[in-house]
Amino acid sequence: MSDSDTTVHGAETLGFQAEVKQLLHLMIHSLYSNKEIFLRELVSNASDACDKLRFEAIDKPELMQGDTELRIRIEYDKELRTVTISDNGIGMSRDDAIANLGTIARSGTREFFSQLTGDQQKDAQLIGQFGVGFYSSFIVAQKVSVLSRRAGLPETEAILWESDGQGEFSITPVEKADRGTAVTLYLREGEDEFLNGWKLREVLRRYSDHISLPIQMLKEEWDSEKSEQVKKNEWETVNQANALWTRAKADITDEQYKEFYKHVAHDYDDPLAWTHNRVEGRSEYTQLLYVPKHAPMDLWDRDARRGVKLYVRRVFIMDDAEQLLPAYLRFVRGVIDSADLPLNVSRELLQESRDVKVIREGSTKRVLSLLEDLAENKAEDYAEFWKQFGLVIKEGVGEDHANKDRIAKLLRFASTQAEGSAQTVSLADYVGRVKEGQDKIYYVSADTFAAASNSPHLEIFRKKGLEVLLLSDRVDEWMLSHLREFEGKQLVSIAKGGLDLDKLADEEEKKHQSEVAETFKPLVERLKTALGEKVKDVRVTVRLVDSPACVVVDEHELSPHLMRMLQAAGQETPQVKPILEINPEHALVTRVQGAPEADFGDWAQLLLDQAMLAEGAQLADPAGFVKRMNRLILNA
Ligand SMILES: Nc1ncnc2c1ncn2[C@@H]1O[C@H](COP(=O)(O)OP(=O)(O)OP(=O)(O)O)[C@@H](O)[C@H]1O
């Protein structure tokens, strides 16, 4: 509320929250080309309001007050130039109206505003993802009034909310004979096309046919004397008025599926894919589940899930019924309608219900099948899906043991065998092109893609033409701790010791390697002495080609990358000393071997420090490193 809030004769003027003003401005400009969506949004709100009433009335039947036929009505008045959308749903009290129609109290709001670019097309997309809702009325209306009475409140406690969308709204106590809400739009100049029964019916059929309640308009007839359509005093239903998910698949068009999605998901964009099934047997339910095209603003806010709506025998029970799908599928939207659950089911009951468990398992499988189908038959859509939701799917590897193998097949990675940082390679692709005798899937993980793809550990793999997956997402290490193998091939980090690469070497290479190891034994011993406690071991390696040295950890120890992540998260980690591996073929190593005794300590430390840096670590004494390096360069 702003400082200028005033009270005059029971009417109160309040300021919009700053974000609302910004949103209104943006919406009017960027969504104008699609202005008729206001009708869809207001009908959608009216339908939600009726759903809420029906649900509350399960425990409190008196709320219905004998008016049990829930419906939505659309009227227009050519003289006043108004369109009115009314419902006999739950209605709003004064406080409800102030909270709902003056602020944006939704998770993801901050992210939304921080992502705005000023580019109209991009911003329109963003608004769509964020949800346009009630405020879209101002695209066509210069003034909007909302007359509402909350179910259960007396006639005298209704309210009239009014605003011109400029920054303030007023709220006045009024009387209203029946419960529910009537939203009236005073159309702007030039928006007269909506003062027409045909036009309104056409828009309603296009956008709102899936609404399960009757949407009614006054009948109209052609009056040949007046030579115009004349309204009769009789309501007719203009939509199909049965829940879309209860209809047979064959009777539903793609357009209807898409519009229904926009209603349930509060999305402006089409969905990417959907699955609609009726399940019979031990548990009976219908599911209509959608995968959106875009990640919602609050994907990472695990508490703010809008998810799947639960219905019981077509009565809306709750939004956001998180028990219906596992957390890693939290981006899925849609409806599940159960024939078995009791109408008075609560969140607590859902947690223990066996029926819910069956629904959850069945729905998870359906969504996984849908994704498998996309991956197999619509590669481009799947690539888009992976960009948006790949990180969330990775959580599933650790969360959903029963479906781990199926999820593993859905994973996509960046790889030395693919272009750039895009995650496009599946584990099956990898396994399909392994070298003969290769029984492992190799990967390297780092804080960034650049660090992973430039890792010195990759050198020998590049030389031998062995593929390595390049991991740089934060969840990767955690995920791989749950995924040790795929189709019989162990997943192995190339930054760890114990890589039995010699299996892949030929006889001649092996002979050469053991000779080199022998020759460099004295150098290895000197390095061990010089570095002392700083390393666990020093050894000669075959894994390097262009770099003089690298650090590795033992096979069963935490990788340095994972350790840094844990430390950043404030967790205690065990002390792990690195193993320094040196490349005997490298000129710098030869140089160190021949270095005078006085410089040897510095050289040894330099080798270790640069190996640490290349791995992505921070040095404990960076200034010391620079000094040492400068001294050695000047001595050279
Ligand atoms: N016809 C109505 N009856 C009762 N409450 C309503 C009605 N229309 C709107 N509201 C209330 O106002 C709130 C805000 O509506 P708005 O359309 O802006 O957002 P939303 O429906 O919650 O989300 P979205 O913007 O994604 O559509 C609703 O959540 C609801 O509580």
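Me: What makes S11 and S12 count as paired strands?
Reply: In this predicted model, eight bridges join S11 to S12, which run antiparallel. Pairing requires at least two bridges between two strands, so S11 and S12, with eight bridges, qualify. One position that shows the register is Ala273, which stands opposite Val291 in S12.

Me: What joins S11 and S12 into a hairpin, and which residue in the turn has a positive phi?
Reply: Five residues lie between the two strands of the hairpin. In the turn, Gly281 has a positive phi of about 125 degrees. Ser283 also lies in the loop between strand S11 (271-279) and strand S12 (285-292).

Me: Why is Ser283 called partly exposed?
Reply: Ser283 has 19 other C-beta atoms within 10 Å. A buried residue needs 20 or more and an exposed one has 12 or fewer, so a count of 19 places Ser283 in between, as partly exposed. Leaving aside neighbours within four places in sequence, Ser283 is in contact with Asp340, Asp355, Val358 and Ile359. Its C-alpha atom is separated by 74 Å from that of Arg591, 308 residues apart along the chain.

Me: Why is S12 described as largely enclosed by the rest of the structure?
Reply: Seven of the eight residues of S12 are buried, so the strand is largely enclosed. Besides S11, S12 has a partner in strand S15 (residues 333-338), and these two pair in the antiparallel sense over six bridges. Within that pairing, the bridge partner of Tyr285 is Ser338 in S15.

Me: Why is S17 described as largely enclosed by the rest of the structure?
Reply: Strand S17 (residues 440-445) has five buried residues out of six, so it is largely enclosed by the rest of the structure.

Me: How do you know in which sense S17 pairs with S20 and with S18?
Reply: S17 and strand S20 (residues 489-493) pair in the parallel sense over four bridges, and Tyr443 stands opposite Ser493 in S20. Four bridges also join S17 to strand S18 (residues 468-471), again with the strands running parallel. There, the bridge partner of Ser445 is Leu471 in S18.

Me: What makes the pairing in the sheet of S16, S18, S17, S20 and S19 mixed, and which are the edge strands?
Reply: The sheet is open, its five strands follow the order S16-S18-S17-S20-S19, and its pairing is mixed. S17 and S18 run parallel, whereas the two bridges that join S16 to S18 link strands running antiparallel. Ser415 stands opposite Leu469 in S18. Strand S16 (414-415) and strand S19 (485-486) are the edge strands, since each pairs on one side only.

Me: Why is Gly594 called exposed?
Reply: Gly594 has 7 other C-beta atoms within 10 Å. The limit for an exposed residue is 12 or fewer, so Gly594, with 7, is exposed. Its place is in the loop between helix H19 (587-593) and H20. Gly594 and Glu19 are 575 residues apart in sequence and 69 Å apart in space, C-alpha to C-alpha.

Me: Which residues of the largest nonpolar core touch the most other members, and which helix gives the most to this core?
Reply: The core has 90 residues, of which Val308, Val332, Val444, Val468, Leu469, Leu580 and Leu607 touch the most other members. Helix H20 (residues 597-615) gives the most to this core, with seven residues. Leu607 touches Pro548, Ala549, Leu580, Ile582 and Val592, not counting residues up to four places away in sequence. A second, separate core of 56 residues includes Val144, Val146, Phe194 and Tyr268.

Me: How do you know that domain 3 and domain 4 touch?
Reply: The domain assignment gives domain 3 as 429-494 and domain 4 as 503-635. In all, 16 residues of domain 3 are in contact with 15 residues of domain 4. Contact requires C-beta atoms within 7 Å. On the side of domain 3 that touches domain 4, helix H14 (residues 459-464) gives the most, with four residues. That side divides into four nonpolar, five polar and seven charged residues. The centres of the two domains, taken over C-alpha atoms, are separated by 22 Å.

Me: What makes up the shell around the ligand?
Reply: The ligand is surrounded by 18 residues, and the closest are Ala49, Asn100, Gly131, Gly133 and His266. The shell divides into eight nonpolar, eight polar and two charged residues. Helix H2 (residues 37-59) contributes the largest share, four residues.

Methods. Residues are numbered from 1 along each chain as its sequence is written. This is a predicted model: local features need pLDDT of at least 70, side-chain atom pairs count only at pLDDT 80 or more; totals for chains, interfaces and linings use all residues. A residue is near a molecule or strand if its C-beta atom, placed from the backbone, lies within 6 Å of it. Ala, Val, Leu, Ile, Met, Phe, Trp, Tyr, Cys and Pro count as nonpolar, Asp, Glu, Lys and Arg as charged, and the others, Gly among them, as polar. A nonpolar core is a set of buried Ala, Val, Leu, Ile, Met, Phe, Trp, Tyr and Cys residues joined through C-beta atoms within 7 Å. Two residues are in contact if their C-beta atoms, placed from the backbone, lie within 7 Å. Domain bounds come from an automatic or database domain assignment.
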